[in-house]
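Student: I have a model open and some questions about it. Can we go through them one at a time?

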Amino acid sequence: MKPTVAPFPAARLRRTRASQAIRNLVQENTLTPSDFIWPVFVRDGDGVEEPVASMPGVMRRSVDKIAEAAVEAQALGIPAICLFPYTDASLKTEDCAEAWNPDNLTNRAIRAIKDAAPEIAVMTDVALDPYNINGHDGYVVDGEIVNDATVEALVKMTLAQADAGADIIGPSDMMDGRIGAMRAGLEQAGHHNVAILSYAAKYASAYYGPFRDAVGASGALKGDKKTYQMDPANSDEALRLIERDLMEGADMVMVKPGIAYLDICHRVKSAFGVPTYAYQVSGEYAMIQAAAQNGWIDGEKVMMESLMAFKRSGCNGILTYFAPAAAKLLNG
Ligand SMILES: NCc1[nH]cc(CCC(=O)O)c1CC(=O)O
């Protein structure tokens, strides 16, 4: 689209900014609670809400408290919750078997949410890192993150989540061939309506630091994730990954992290026109909260501005730890 601008003073571009009413009329993008997917951390216990030090305002919740959070989200008009387990160190093994235990934290939380707030869509994370003794998203053999054996494990994990009632599967592992394998597994098991929101363009990012604290993986992680997550220098590669995942059966795609990668969001949405989401990750959240706590920025305003930026870039929605706070503001 080529902008048409008459010469001054025929055009005074400030006219359409002159009052709140006119600004509302010409507003190009909107933000509503239905744009949000709320990531939450699940831990064991009963009646527990434990603050995450590096993410002020974020809690690890026991399953009963997760169900309460889902009821709150439903009342706020947030359509989906995404579950991340804080797995006890004693359950982390080399074979990661806890990942497909039908009674693991995630699967119990899925069932509890479905009971308490049936209208909420439940999204899961598929990757081995919460269950892996060495903190990686895939199996490690002789120092290598092996692809195909990991994919087999991820399919088992996916099916356990779908059996528990998950609506949206979120593979965040970045192995090759996982989407096709998961889709085939889901079809075979009769889970025809379980959606896959692929973390298709996921970068090897330092912005994930606070998350690894929140799920207890920072101590465990040996090395980095650069052989499977993307190089922050690349952008054409993101389009190849998105196209590949769509061809294998992804229904929706994600770009991650968010604010530093809005160019990728824009390219993906323009190129494919599919439901596109960004993950405003833990480090982005922590940076805004920390500056706000110091009085250096207006936290609420920066929160809303950052969320609107995702919509402007072309995203259909945002995974954000701000979901309940932003929904409350939007609901007035
Ligand atoms: N597969 C793990 C996973 N799923 C979501 C995040 C990050 C989320 C955040 O930082 O908020 C990560 C961390 C990682 O890849 O190391």
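Tutor: Yes. Keep in mind that this is a predicted model. We can begin with a loop: Cys96 is found between strand 4 (80-85) and helix 3 (105-116).

Student: What is the phi of Cys96?

Tutor: Most residues other than glycine have a negative phi. Cys96 is not a glycine, yet its phi is positive. The value is about 60°.

Student: Is Cys96 buried or exposed?

Tutor: Its relative accessibility is 0%. Buried means under 20%, so Cys96 counts as buried.

Student: Which residue other than glycine, in the loop between strand 8 (168-171) and helix 5, has a positive phi?

Tutor: Look in the loop between strand 8 (168-171) and helix 5. The residue there has phi near 65°. At 8% relative accessibility, this residue counts as buried. It is Met174.

Student: Back to the loop between strand 4 and helix 3, where Leu91 lies. Which residues does Leu91 touch, not counting those up to four places away in sequence?

Tutor: Leu91 is partly exposed, with a relative accessible area of 37%. One of its partners is 40 residues away in sequence, but 6.7 Å away in space, C-alpha to C-alpha; that is Tyr131. With residues up to four places away left out, Leu91 touches Glu98 and Tyr131.

Student: Now the helices. How do helix 4 (residues 148-164) and helix 5 (residues 178-188) cross, and at what angle?

Tutor: Their axes come within 9 Å. The crossing angle is roughly 40°. Angles under 35 degrees would count as roughly parallel, so helix 4 is oblique to helix 5. The crossing is right-handed, at roughly 40°.

Student: Which residues of helix 5 meet helix 4?

Tutor: Helix 4 brings Val151, Leu154, Val155, Thr158, Leu159 and Ala162 to the contact. By class, the contact has 8 nonpolar, 2 polar and 1 charged residues. From helix 5 come Arg178, Ala181, Met182, Gly185 and Leu186.

Student: Take Thr158 in helix 4. Which residues is it in contact with, leaving aside neighbours within four places in sequence?

Tutor: Thr158 has a relative accessible area of 1%, so it is buried. Two of its contacts, Met182 and Leu186, are among the helix 5 residues that meet helix 4. With neighbours within four places left aside, the list is Val126, Ile169, Met182 and Leu186.

Student: And Glu152, also placed in helix 4: is it buried or exposed?

Tutor: Glu152 lies 10.0 Å from Gly185, C-alpha to C-alpha, and the two are 33 residues apart in sequence. The relative accessible area of Glu152 is 59%. Exposed means over 50%, so Glu152 is exposed.

Student: How are helix 9 and helix 10 (residues 299-313) oriented to each other?

Tutor: Their axes come within 9 Å and cross at roughly 155°. Angles over 145 count as roughly antiparallel. The crossing is right-handed. Helix 9 and helix 10 are therefore roughly antiparallel.

Student: Which residues make the contact of helix 9 with helix 10?

Tutor: The contact divides into 4 nonpolar, 2 polar and 1 charged residues. Helix 9 gives Glu284, Ile288 and Ala292. Helix 10 gives Gly299, Val302, Ser306 and Phe310.

Student: How many aromatic pairs does the structure hold, and what is the geometry of Tyr285 with Tyr321?

Tutor: The structure holds 10 aromatic pairs. In the pair of Tyr285 and Tyr321, the ring centres are 5.8 Å apart. The planes stand at 65°, so this pair is edge-to-face.

Student: Which parts does that tyrosine pair tie together?

Tutor: Both Tyr285 and Tyr321 are buried. The parts they tie together are 36 residues apart in sequence. They are helix 9 (residues 282-293) and the loop between strand 12 (317-320) and helix 11 (323-331).

Student: Which residues form one aromatic cluster with Tyr285 and Tyr321?

Tutor: Tyr285 and Tyr321 belong to one aromatic cluster. Its other members are Phe41, Phe84, Tyr199, Phe211, Tyr279 and Phe322.

Student: Last topic, the backbone. Where is the peptide bond cis, with omega near 5°?

Tutor: Most peptide bonds are trans. This one leads to a proline in the segment before helix 1 (20-26). The bond runs from Phe8 to Pro9.

Student: What is omega for the cis bond that joins Lys256 and Pro257?

Tutor: Pro257 lies in the loop between strand 10 (252-256) and helix 8 (262-272). The bond from Lys256 is cis. Omega is about -5°.

Terms used. Residues numbered from 1 in each chain as written. Predicted model: local features only at pLDDT ≥ 70, side-chain atom pairs only at ≥ 80, totals over all residues. Heavy atoms only, no water. Axes fitted to C-alpha atoms, helices over the stretch in contact; angles between N-to-C directions. Helix = DSSP H or I, 4+ residues; strand = E, 2+ residues; numbered from the N terminus. Parallel < 35°, antiparallel > 145°, perpendicular 65-115°, else oblique. Left-handed = near helix turned anticlockwise from the far one by under 90°. Contact = heavy atoms within 4.5 Å. Nonpolar A, V, L, I, M, F, W, Y, C, P; charged D, E, K, R; others polar. Buried < 20%, exposed > 50% of the residue type's maximum accessible area, 1.4 Å probe, protein only. Phe/Tyr/Trp six-rings, centres within 6.5 Å; stacked < 30°, edge-to-face > 60°.
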